[in-house]
Amino acid sequence: MDPIERAVLVGCSLKTDDVDLDSSLDELARLVETAKATPMARVTQVRDHYDATWLIGKGKVDEISALVEDQGIDLVVFDQELSPRQLIRLEERIPCKIIDRTQLILDIFAMRAQTKEGSLQVELAQLEYMYPRLVGKGTQLSRLGGGIGTRGPGEKKLETDRRHIRGRIHDLKRDLEQVRKHRQLHQSRRRKMEIVQVALVGYTNAGKSTLLNRLTGSEVLEEDQLFATLDPTSRFLELPSGEKILLTDTVGFIRNLPHHLVAAFRSTLEQVQEADLLLHVVDQSHPEAASQMTAVHQVLKDLSAEQVPMVTVFNKRDRESKELLTAEGETVHISAFEENDLIKLKEKISQVLYDAQIAGSAEIPVDRGEMISQLYEVAEVLHSEVNDLTMTLQFRLPRKRYERMSPEIKACIREVREKN
Ligand SMILES: Nc1nc2c(ncn2[C@@H]2O[C@H](COP(=O)(O)OP(=O)(O)OP(=O)(O)O)[C@@H](O)[C@H]2O)c(=O)[nH]1
Ligand SMILES: [Mg+2]
């Protein structure tokens, strides 16, 4: 165990920004605590533009330096991403370890990574982020010591020798490729085709895992901590209409999610892109709920998932909220702890997925009994009639199930129309 590090938080915003520095630093403080350090002090500055060399003003840099010496600070955390050049210059002037928000988030992800794929993804993102920032560090690297910013997944120390990082990145990419090939082999295509997929997405700590657990009786870690969940977990859920869907819990999003991480997690986040429906879980009691919603929409856009149908789930209804939030499209207000609200949510999912009906008719050769019985399984058959060697069936079924019918049956369909 590393000793608990004492941290100074630094936030800087532009006069033109509409971000609230205080609440942004509140979130940074929670991230710092999650990484097992103690926030000791805050330094903030509002500027006309960011300084290319220091990000903040030189006077502020000296103020931080003095604070570090006076209070025995181990770590300075910048809320903004630092360019390699800014980082190096700041390190020359401030006598302790310096990291930025991105590196902090990467560190937390490393701490949380459980699966092989998750670990490989995080380490790759960490090394790619670090590589350009190690230029000319030479002897100073030893000053990094241990703790936040030097930890890789699985309590392993990160490779910090620039000469070895390139090779390590290469190996990680190769290993990831193999893990992914293996995963794809095991994910049967058929299952993917026929089962409706619903993904829980949302800001970290919104209550996604709690909902997965309460809805499906599983036991994913739910905690009042940021990024409690890293690896996606899927469970079957039976809806009031009798339909079975696959519900997936995913990693939480955050404002300015490091793009190295989004890139690294793109393949595990495929579940989001390929989902039939997203449940966007919002902690409506959080003072920054509105801007958290915007941040989630932004990440979904980065993942090219903004077209997937969505229900906005305003969660934690049992707690007071600052403002009444609204969202476009379908919404539902619930508390994950209220049994009745869980039913309400399930009904909402049913309604969105299965209310739209398709009616049509199919002509199937009479000797293809297995296809005829498949149609009876997925659809409500209203009328059937045999003519010579073919059977004509009039049927009705939810659009979602129609979309997921096997191509073989679809080829026999003569006529379809929307019912409502
Ligand atoms: N009061 C209240 N608390 C809730 C509700 N739903 C979840 N929580 C709490 O919120 C905290 C975060 O819940 P999680 O389910 O871990 O949140 P998450 O969205 O999975 O978070 P990450 O995995 O970090 O992205 C936990 O302490 C839950 O007990 C709710 O409806 N009301
Ligand atoms: Mg979770």
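Buried residues make up 52% of the 420 residues in this protein. The model is a predicted one. Its secondary structure comprises 15 helices and 14 strands. Along the principal axes, the C-alpha atoms fill a box of roughly 90 × 50 × 40 Å. The accessible surface comes to about 20400 Å². Carbon and sulfur atoms hold 47% of that surface. Contacts often link distant parts of the sequence: of those with a separation of 6 or more, 68% join residues 24 or more positions apart.

Start inside, with helix α5. This helix runs over residues 116–130. Its 15 residues, at 1.5 Å each, should span 21 Å, because the expected span counts one less than the number of residues. The C-alpha atoms at its ends are 21 Å apart, so the model agrees with the expectation. Is α5 enclosed or open? Of its 15 residues, 13 are buried, so the rest of the structure largely encloses α5.

Next comes a single residue, D276. It sits in the loop between α10 (270–273) and β8 (277–283). Its relative accessibility is 10%. Buried means under 20%, so D276 counts as buried. What does the side chain of D276 reach? One partner is R404: the two side chains make a polar contact at 2.6 Å. Another is Q197, whose backbone nitrogen lies 2.7 Å from a polar atom of the D276 side chain. Leaving aside residues up to four places away in sequence, D276 touches I195, V196, Q197, V308, P309, L353, K400 and R404.

Now turn to ligand 1. Around it stand 23 residues. Those that come nearest are K208, T210, T229, D318 and A336. Which helix gives the most to this shell? Helix α8, residues 208–216, does so with three residues. By class, the shell has six nonpolar, 10 polar and seven charged residues.

Several polar atoms face the ligand. K208 places a polar side-chain atom 2.7 Å from an oxygen atom of ligand 1. A336 uses its backbone instead: a polar atom there is 2.8 Å from an oxygen atom of the ligand. For R319, a polar side-chain atom lies 3.3 Å from a nitrogen atom of ligand 1. How much of ligand 1 does the protein cover? On its own, ligand 1 has 660 Å² of accessible area, and the protein covers 92% of it.

Definitions and conventions: Residues are numbered from 1 along each chain as its sequence is written. Chains are lettered from A and ligands numbered from 1 in the order in which they are written. This is a predicted model: local features need pLDDT of at least 70, side-chain atom pairs count only at pLDDT 80 or more; totals for chains, interfaces and linings use all residues. Side-chain values use heavy atoms; hydrogens and water are left out. A residue is near a molecule or strand if one of its heavy atoms lies within 4 Å of it. A polar contact is a pair of N or O atoms within 3.5 Å; within protein, one must be able to donate a hydrogen and the other to accept it, and residues adjacent in sequence count only if both atoms are side-chain atoms. Accessible areas come from the Shrake-Rupley method with a 1.4 Å probe; for residues, only the protein chains shown count as cover. Helices (H or I, at least four residues) and strands (E, at least two) are DSSP runs, numbered from the N terminus. Ala, Val, Leu, Ile, Met, Phe, Trp, Tyr, Cys and Pro count as nonpolar, Asp, Glu, Lys and Arg as charged, and the others, Gly among them, as polar. Buried means under 20% relative accessible area, exposed over 50%, partly exposed in between (1.4 Å probe, protein chains only). Contact means heavy atoms within 4.5 Å.
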